[in-house]
Amino acid sequence: MTILKLRILFDEAMIGPGKAELLGLIRDTGSISAAGRAMGMSYKRAWMLVEEMNAAFAEPLVFSARGGQGGGGARLTATGETVLALYAEILTLAATAAATPLAALEGLLRPRGQSDSADGK
């Protein structure tokens, strides 16, 4: 299966599949730590990425509240929801535009399991 992954590099920021997945998991779980665990990353790494994204955009993408009696949690802000939706839209448009050349490129690949030597070793 061929998968197109897209990383968008701005002058001072970047968003790609990992950050988009983290945002989606924060939206779905309501927790930065749970989102990080689901991706196999430490809480510290997840927090660092959230802080990086919040600093890069004009408005924060993630709002978080400390734990305590009422419990903590995190949620995407309206800007965070917009960034995630725009990234998904860009991926869809890129995949559609690239479908024909990707198929041609895939057709040039060596068949799976085929060795490059004549005797198969």
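Q: At what angle do helix H1 and helix H3 pack in this predicted model, and are they roughly parallel or roughly perpendicular to each other?
A: In this predicted model, helix H1 covers residues 17-29 and helix H3 covers residues 43-56. Their axes lie 11 Å apart, and the packing angle is about 100°. Angles of 65 to 115 degrees count as roughly perpendicular. The two helices, H1 and H3, are therefore roughly perpendicular to each other.

Q: How many residues of the contact of H1 with H3 are nonpolar, and how many are charged?
A: On the side of H1, the contact is made by Lys19, Leu22, Leu23 and Ile26. H3 contributes Ala46, Leu49, Val50, Glu52 and Met53. No residue of this contact is polar; the division is seven nonpolar and two charged.

Q: Which element gives the most residues to the largest nonpolar core?
A: The largest nonpolar core has 21 residues, and those with the most contacts inside it are Leu22, Leu23, Ile26, Ile32 and Val62. Two or more residues come from each of H1, H2, H3, S4 and H4. In soluble globular proteins, nonpolar side chains tend to be buried together. The element that gives the most to this core, with five residues, is H1.

Q: Which residues does Leu23 touch, not counting residues up to four places away in sequence?
A: Leu23 is one of the residues with the most contacts inside the largest nonpolar core, and Leu23 also takes part in the contact of H1 with H3. Once residues up to four places away in sequence are set aside, Leu23 touches Ile15, Met53, Leu61, Val62, Leu76 and Leu84.

Q: Is Leu76 buried or exposed?
A: Leu76 lies in strand S4. Not counting residues up to four places away in sequence, Leu76 touches Leu23, Ile26, Arg27, Leu61, Val62, Glu81 and Leu84. The relative accessible area of Leu76 is 7%. Buried means under 20%, so Leu76 is buried.

Q: Where is Thr77 found, and does it count as buried or exposed?
A: Thr77 lies in the loop between strand S4 (73-76) and helix H4 (78-107). Leaving aside neighbours within four places in sequence, Thr77 is in contact with Pro60, Leu61, Val62 and Phe63. The relative accessibility of Thr77 is 16%, and therefore Thr77 counts as buried.

Q: How many Å separate the C-alpha atoms of Thr77 and Ile3?
A: Thr77 and Ile3 are 74 residues apart along the chain. In space, the separation of their C-alpha atoms is 29 Å.

Q: Which backbone nitrogen lies 3.0 Å from a polar atom of the side chain of Ser31?
A: Ser31 is found in the loop between H1 and helix H2 (32-38). With 17% relative accessibility, Ser31 counts as buried. Not counting residues up to four places away in sequence, Ser31 touches Ile26 and Ala74. The backbone nitrogen that lies 3.0 Å from a polar atom of the Ser31 side chain is that of Ala34.

Q: Is Phe57 buried or partly exposed?
A: Phe57 lies in the loop between H3 and strand S3 (62-65). The C-alpha atoms of Phe57 and Gly16 are 14 Å apart in space, while these residues are 41 residues apart in sequence. The relative accessible area of Phe57 is 22%. Buried would require a value under 20%, so Phe57 is partly exposed.

Conventions: Residues are numbered from 1 along each chain as its sequence is written. This is a predicted model: local features need pLDDT of at least 70, side-chain atom pairs count only at pLDDT 80 or more; totals for chains, interfaces and linings use all residues. Side-chain values use heavy atoms; hydrogens and water are left out. Axes are lines fitted to C-alpha atoms, for helices over the stretch in contact, and angles run from 0 to 180 degrees between N-to-C directions. Helices (H or I, at least four residues) and strands (E, at least two) are DSSP runs, numbered from the N terminus. Angles under 35 degrees count as roughly parallel, over 145 as roughly antiparallel, 65 to 115 as roughly perpendicular and the rest as oblique. Contact means heavy atoms within 4.5 Å. Ala, Val, Leu, Ile, Met, Phe, Trp, Tyr, Cys and Pro count as nonpolar, Asp, Glu, Lys and Arg as charged, and the others, Gly among them, as polar. Buried means under 20% relative accessible area, exposed over 50%, partly exposed in between (1.4 Å probe, protein chains only). A polar contact is a pair of N or O atoms within 3.5 Å; within protein, one must be able to donate a hydrogen and the other to accept it, and residues adjacent in sequence count only if both atoms are side-chain atoms. A nonpolar core is a set of buried Ala, Val, Leu, Ile, Met, Phe, Trp, Tyr and Cys residues joined through side-chain atoms within 4.5 Å.
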